[in-house]
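Open the structure in your viewer and keep the selection tool at hand. This tour goes from one part of the chain to the next, and each stop begins with something to select.

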Amino acid sequence: MRNLKLLKSLCNAELSHSAGSPLCVAVRSDTDSLLLASEFSIIEFDPRTGQVVNDVSLTEEGYMPDDGSGKLVGIQELAELESVCVATATGDVILYNLTTNEVECVGSVESGLTSMSWSPDEELVALTTGQQTVIMMTKEFEPITEVGIHQDDFGEGSAVCPQTGARRVRVWSREGVLQATSESLNGLEQALCWRPSGSLIACTQRHPNKHSVVFMEKNGLLHGDFTLPCSRDQAKVKELLWNSDSTVLLVWLEDVHSGADGHIMQLWAVGNYHWYLKQSLAFGRDPQRAPACVHWDPQRPLRLHVVTRGWASLTYDWGWATDRSTGLDASDNANVAVIDGDKILVTTFRQGVVPPPMCSYELQLTSPVNLVTFLCQTQKSNHLAAMTADGQISVFGPGRSPSSPHAPSSNHTCLIWSFFQSLSFKLWFERVDWTDFSGCPMNFPVPCVQMALCTMVVLDANRVLGLVCVCQLASNVSSFVVHEDFLLVTTHAHTCRCLLLGTLTVKGLQEALGSDGGQNDETLRRVERGSKIVTVVTQDTRLILQMPRGNLETVHHRALVLAQLRKQLDCLKFRDAFECMRKLRINLNFMYDHNPKVFLENVETFITQLNSINHINLFLTELREEDTTGTMYPRPLNVPGPSPMTRAKKLDVVCDAFRHTMESMDPDKYCLSILTSHVKKTVPELEIALQKVHDLRGKTAAGVVGAEEALKYLLFLVNVNDLYDHSLGTYDFDLVLMVAEKSQKDPKEYLPFLNKLKTLEPNYQRYSIDKHLKRYSKALLHLSKCGEEHFPEALGLVREQKLFSEALELYPAHSPHYKALSCAYAEHLVAQQQPEQAGLLLWRCGEPGRALQAFVSASSWRHALCVAQQVPLPPDQLSLLARDMAGKRLIDQRRYAEGALLLDQYAKDCEEAISALIKGAVWEEALRLVSWSNTTYLLTLHPIRTFLTQANNTALFGRHRNRLSVVLELKEKARLDMLGSNDRFLGRINCVRSSKNRRKAERKKWSLKEGSPLEDVALLHALADIIGTLHSLLKALVLFQYDRLAQKLQLAYEEALLMMEAAIPEVWSDGGPPSQTPVTGPDSTANSITASLQNQARPTSLPLPGQCSSSRASAESPYPWR
């Protein structure tokens, strides 16, 4: 639905002094100059400057006679050879070099030539001779073949199209083999042109009652036609010319009644299999203004070159444009006008989409229309003006007859129409100088095909810009339109962008048009290949697109839809928004998510406007916890959102708000919606909904929903088996039977079960129902009320379903039932490897003996000693208990200080306590006990023994350090592989383990076994232990005056200390080793553990007599001795 709009025309009459008359024309592709040939010479002429670039004579070389009687039959520019090829009627083929200005005859045919044509790739040339033959040659003018035009066979294929006098069309291949011959066509004329893209051949035919342009396929079969707007004998078709992209067909007509004085050139275009006459150029009756030759520009498809007999050069530049009304309110009908000869086809897209070539209505004029425009004024945007080929302007409007207020001069460039007062109007026809609001001129780099005014953000300021050829900003734009606050653009990437002008910058426009868009990008929509914008309905979301073949498609761009919905919701137009969302399949959650606070404050308005139970139910059933404004329909950038709501569940908040509002308005009318609000909550309130259905029984008032209908509706929302179970959970057998009758259950299945339940005691009956429904907590509650005889059954239920905490709350604290439950709970905890908690339960319920066993098993020595005092244990057994816990549990767990405390205070064995402290390198506490008990020899032996055990620590430190580097490298590689395989694993992975597995993992997490999950953490702590042990040993040696041993140890470990110092940045990237008690947890890593200990201080150094202060070890070791 596009029209050809004249962008620019150039007229040059500087060649009027040239001799002869122009016979043919070509275009030089590299300079855009015209190559004109006459009876005397070849002229190169630049139409932009009006200067003759070259002029070479053909008469001087004898190629053409001096009297001007010669004739040229063809001209062709050969870009690769930088030459012009000219063929004369006498049979000469002349090559003119544009660089050297040399003229050469490359061949001659004695019988003369009647035509010459080159292939589009300039590889072949075909010549027709005076002997009715076709000569095929290469671009080097090497003959390929020569065949006769008139042949008896029909042939096959396609390549070249000569026309015979028998009114048949014959088609030859590139090798000169006859491919096809058409049937005999009466009235077939000489005009013939092959479409550049495709396989159609255009020619003209005179019928008894009309004059037509017909199309043939390359096999000679007819393929469509259209009728020329003239009678059979009124005009003669001189030539048919396709433009380079095959979108426009030029028909050159000569009025036979006016002789050479009436020439018309018509431009035809096809859409949806209908041919439209888009432009009609009349050249008047002046013989000098009559066209002599015409040629389409090969580089610019819509540029036409015409040379008149008076040597005037005319250059026309057209562009495709859609003529649409530009109203800003609902009174605008979204008109689109299509020019079709002397008719204007108008389609009003607000009322409906009419596929072309049909239309809403036609406007008939007396002459072919060349230009049409709509009035740019509110309330009058449906008025239009049209200018015809004879220069007359007609104005049309609703309810008025057409008028012709003015006949402009023929040198118009554009038509602009605007009202100045209420009734008067003015039309401009001359060139317009555009200025902005400040009066500064606005110059565009190229002629305007389409123009629109909009507000964009430029340099942090709003300015009015004229958008012309948006491809100047981005090269992939095919069409655009400004619609209210949006700029809609289609691209050659088959997308349609809808950009908000209020936040759009030039840079942002370029970035948007150059990107592919992200997920849920509302500004981007995929469209069919080659789609272009026709119009957008004002104050609506309908976007009309036209496909390349001409058919129309109506789409609702997501950005336009969401913008309209936001406006409607802000204005509390809930019904309009709801209908739009239903029609365009927008998630109904958006009504709440757009502004939750405003929506909840206007729930009653929402219900009143919808006024439909079905619509309310539809809204409630569509509710989800997802915030659609953050996922499906994100807000545009720089557009603030509403204040955040509370963290309450969205479903619960909305359902409760609707239920309270409907119950206060009319609970009987909105009964089904109230049931929906119960069912759609996060935890469905099916029991409450069923109870309300039960309460409806017996109500027969008009307008009140019956129990049967309400139950059917619930069965529509909820699975019948789930509803049956929940009805059974109400303990109402009448309601259970009502639901069961609506289900597919066999009465033989549920009636015996229900009859058996009716015979039971009420509490036991409810217990049986809850146990059947697997509601064990409720079942235990009812069973606890059934009496003493059912306690064993209750205890079995507690053990089976592990309901210990719930059970302890149901029985008095000092009852035997409470004690039995506590003992059972303790057994469960022991089985779950939680003996300390079990001991506490047993202790509080009066079972100290079993509690003591549990505490001993948990190595909880303080609780164990307290319980032992309560039992009470004799002194010898208490001493034995302390010795056993210290030796077999605490010391084995490396809890040396606690084991020494038990041995010293409870077992009364000071020497064993000192041995344990020395074994654990707790030197200060060991020294205290030695001073207290006078057992110095133990302390003097152990430092020497420890010195001997440290001989392999240097090698051990090196092995651990090397292994740590390998482990860290392997873990980093595994992490990168995981990230590269799937982006979904970017988040933190949480491991869920049972308590037993957690304790097992705790025991194994410091394992130095290669390949263990936390091997890197274990290596870190092993390295820290080596450093700490060395420091503690040296202090002990110095304290007991083992100076020689200390010096020997210092020298022996000099290399180890240097290695450790150099390894600290590598092992502990934060600058220091971890402590003995790292911050660990299920989510900890090696890096997080070491980072949490970055502030740990290094051990202080001790002075050592006789040590050289200049020693390298003293200067560089982390533990220098001086």
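Begin by selecting strands β39 and β40, which form a hairpin with 2 residues between them, and look in the turn for Glu-484, which has a positive phi of about 55°. Keep in mind throughout the tour that this is a predicted model.

Now follow the two strands away from the turn: β39 and β40 (residues 486–491) run antiparallel and are joined by 6 bridges. If you select Val-477, you will find Thr-491 of β40 standing opposite.

Next, select the whole of β39, residues 477–483, and show the surroundings as well; 5 of its 7 residues are buried, so this strand is largely enclosed by the rest of the structure.

Move on to helix α12, residues 720–728, and colour Leu-723, Tyr-724, Ser-727 and Leu-728, which are buried. Turn the view until you look down the axis of α12, where the buried residues fall within an arc of 140°, so they line one face of the helix. To see what covers these buried residues, add the helices α10 (686–695), α11 (707–717), α13 (733–742), α14 (747–758) and α15 (762–772), which are among the elements that do so.

Stay with α12 and select Asn-719, which caps the N-terminal end of the helix, with a side-chain oxygen 2.9 Å from the backbone nitrogen of Asn-721.

Finally, zoom out to the whole chain, which has 34 helices and 45 strands, and in which 46% of the 1122 residues count as buried. With a surface shown, you are looking at an accessible area of about 55900 Å², of which 51% belongs to carbon and sulfur atoms.

Definitions and conventions:
Residues are numbered from 1 along each chain as its sequence is written. This is a predicted model: local features need pLDDT of at least 70, side-chain atom pairs count only at pLDDT 80 or more; totals for chains, interfaces and linings use all residues. Side-chain values use heavy atoms; hydrogens and water are left out. Buried means under 20% relative accessible area, exposed over 50%, partly exposed in between (1.4 Å probe, protein chains only). Helices (H or I, at least four residues) and strands (E, at least two) are DSSP runs, numbered from the N terminus. Two strands pair if DSSP finds at least two bridges between them. Accessible areas come from the Shrake-Rupley method with a 1.4 Å probe; for residues, only the protein chains shown count as cover. The arc is that of the directions from the helix axis to the C-beta atoms. Contact means heavy atoms within 4.5 Å. A polar contact is a pair of N or O atoms within 3.5 Å; within protein, one must be able to donate a hydrogen and the other to accept it, and residues adjacent in sequence count only if both atoms are side-chain atoms.
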